[in-house]
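Please open the model in your viewer and keep the sequence panel beside it. The tour below moves from one selection to the next and says what is found at each stop.

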Amino acid sequence: MKTTNEKAKERNHDKLVDNLQELLEKNYDAQKGFTKAMEDAKSPQLKNFLKHQAAQRNRFATELDHEIRSLNETPKESGSFTGDLHRTWIDIKSAVAGNTDEAVLEECIRGEKASWKEYDEKLKEENFPPTISSVIHKQAAEIHATLNRVKTLEDLADD
């Protein structure tokens, strides 16, 4: 029979793993979205930016995968079939009228804003262990930096 303390630790562990799995899924979704957007983009600068974003999200997924494994759990291997981000990213092609670079970029911005919000909420609501918290804060900061850089990309898309 487990003690109340053991049950609480188990619940905390499960909640931690669930949160990391959700972020992992969102990064798989975002990586797919950036890759798809890269195929739709016309401008070489925009294609290059989207390629870097897809690679960044691949790195994020790898880091989260590592954290989940360090908790003796098995990471998910693909994106979600539910979440808002999934729809945002996977519908990118149908949502992008005329596949203009500006429209592609707008969809990516929408996806990044949703990512930032997800990270921000998890960081506010959850009490992650310091090492995991540091990884998530770093990833959130990179997403935020991307959103701040987007203004210059919108100028590229207008060319």
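## First stop: glutamine 21

Begin by selecting glutamine 21 and displaying its surroundings: leaving aside residues up to four places away in sequence, glutamine 21 touches Ile68, Thr74, Pro75 and Lys76. The model you are looking at is predicted. Glutamine 21 is part of helix H1, and with a relative accessibility of 9% this residue counts as buried. If you draw a distance between C-alpha atoms, glutamine 21 and isoleucine 68 are separated by 7.6 Å, although they stand 47 residues apart along the chain.

Staying in helix H1, select aspartate 14, which is found in that helix. Is aspartate 14 buried or partly exposed? At 39% relative accessibility, aspartate 14 counts as partly exposed, whereas glutamine 21 counts as buried. The C-alpha atom of aspartate 14 lies 9.6 Å from that of glutamate 73, a residue 59 places away along the chain.

## Stepping back to the whole chain

Now switch to a cartoon view of the complete chain, in which you should find six helices and zero strands, so that, read from the N terminus on, the order of elements is α-α-α-α-α-α. The protein chain has 159 residues, of which 46% count as buried. If contacts are restricted to residues at least 6 apart in sequence, 77% of them join residues at least 24 apart.

## H1 against H2

Select H1 and H2 together and turn the view until both axes can be followed. The two helices pack at an angle of about 160 degrees, and their axes are 8 Å apart; as angles over 145 degrees count as roughly antiparallel, H1 and H2 are therefore roughly antiparallel to each other. The crossing in which H1 passes H2 is left-handed. Colouring the contact of H1 with H2 by residue class gives 14 nonpolar, six polar and seven charged residues.

## H2 against H5

Keep H2 in the selection and replace H1 with H5. The axes of H2 and H5 come within 12 Å and cross at roughly 25 degrees, which makes H2 roughly parallel to H5. The crossing of H2 and H5 is left-handed. To display the contact, show the side chains of Leu46, Phe49, Leu50, Gln53, Arg57, Phe60 and Leu64 on H2, together with Asp101, Val104, Leu105, Cys108, Glu112, Ser115 and Tyr119 on H5. By class, the residues of this contact between H2 and H5 divide into nine nonpolar, two polar and three charged.

## Salt bridges

The next selections concern charged side chains. Side chains of opposite charge can pair when their charged atoms come close. The structure holds 13 salt bridges, and three of the pairs are visited here, beginning with glutamate 22 and lysine 122, whose side chains meet in a salt bridge at 2.5 Å, N to O. Which parts of the chain does this pair tie together? Glutamate 22 lies in helix H1 (residues 4-40) and lysine 122 in helix H5 (residues 101-125), so the pair links parts that are 100 residues apart in sequence. With a surface display switched on, compare the two partners: glutamate 22 is partly exposed, with a relative accessible area of 33%, whereas lysine 122 is buried, with a relative accessible area of 9%.

Go next to arginine 69 and aspartate 65, whose side chains meet in a salt bridge at 2.6 Å, N to O. Both residues belong to helix H2 (residues 44-70), and because they are four residues apart, arginine 69 and aspartate 65 are separated by about one helical turn. Aspartate 65 has a relative accessibility of 17% and counts as buried, since the cut-off for buried is under 20%.

For the last stop, select glutamate 142 and lysine 138, which form a salt bridge in which the closest N and O atoms are 3.7 Å apart. Glutamate 142 and lysine 138 both lie in helix H6 (residues 130-158), four residues apart, or about one turn of the helix. Lysine 138 is partly exposed, with a relative accessible area of 41%. Finally, extend the selection to Arg59 and Glu63, for salt bridges that share partners join Arg59, Glu63, Lys138 and Glu142 into one network.

Notes
Residues are numbered from 1 along each chain as its sequence is written. This is a predicted model: local features need pLDDT of at least 70, side-chain atom pairs count only at pLDDT 80 or more; totals for chains, interfaces and linings use all residues. Side-chain values use heavy atoms; hydrogens and water are left out. A salt bridge is a side-chain nitrogen of Lys or Arg within 4 Å of a carboxyl oxygen of Asp or Glu. Buried means under 20% relative accessible area, exposed over 50%, partly exposed in between (1.4 Å probe, protein chains only). Contact means heavy atoms within 4.5 Å. Axes are lines fitted to C-alpha atoms, for helices over the stretch in contact, and angles run from 0 to 180 degrees between N-to-C directions. Angles under 35 degrees count as roughly parallel, over 145 as roughly antiparallel, 65 to 115 as roughly perpendicular and the rest as oblique. A crossing is left-handed if the near helix is turned anticlockwise from the far one by less than a right angle, and right-handed if clockwise. Ala, Val, Leu, Ile, Met, Phe, Trp, Tyr, Cys and Pro count as nonpolar, Asp, Glu, Lys and Arg as charged, and the others, Gly among them, as polar.
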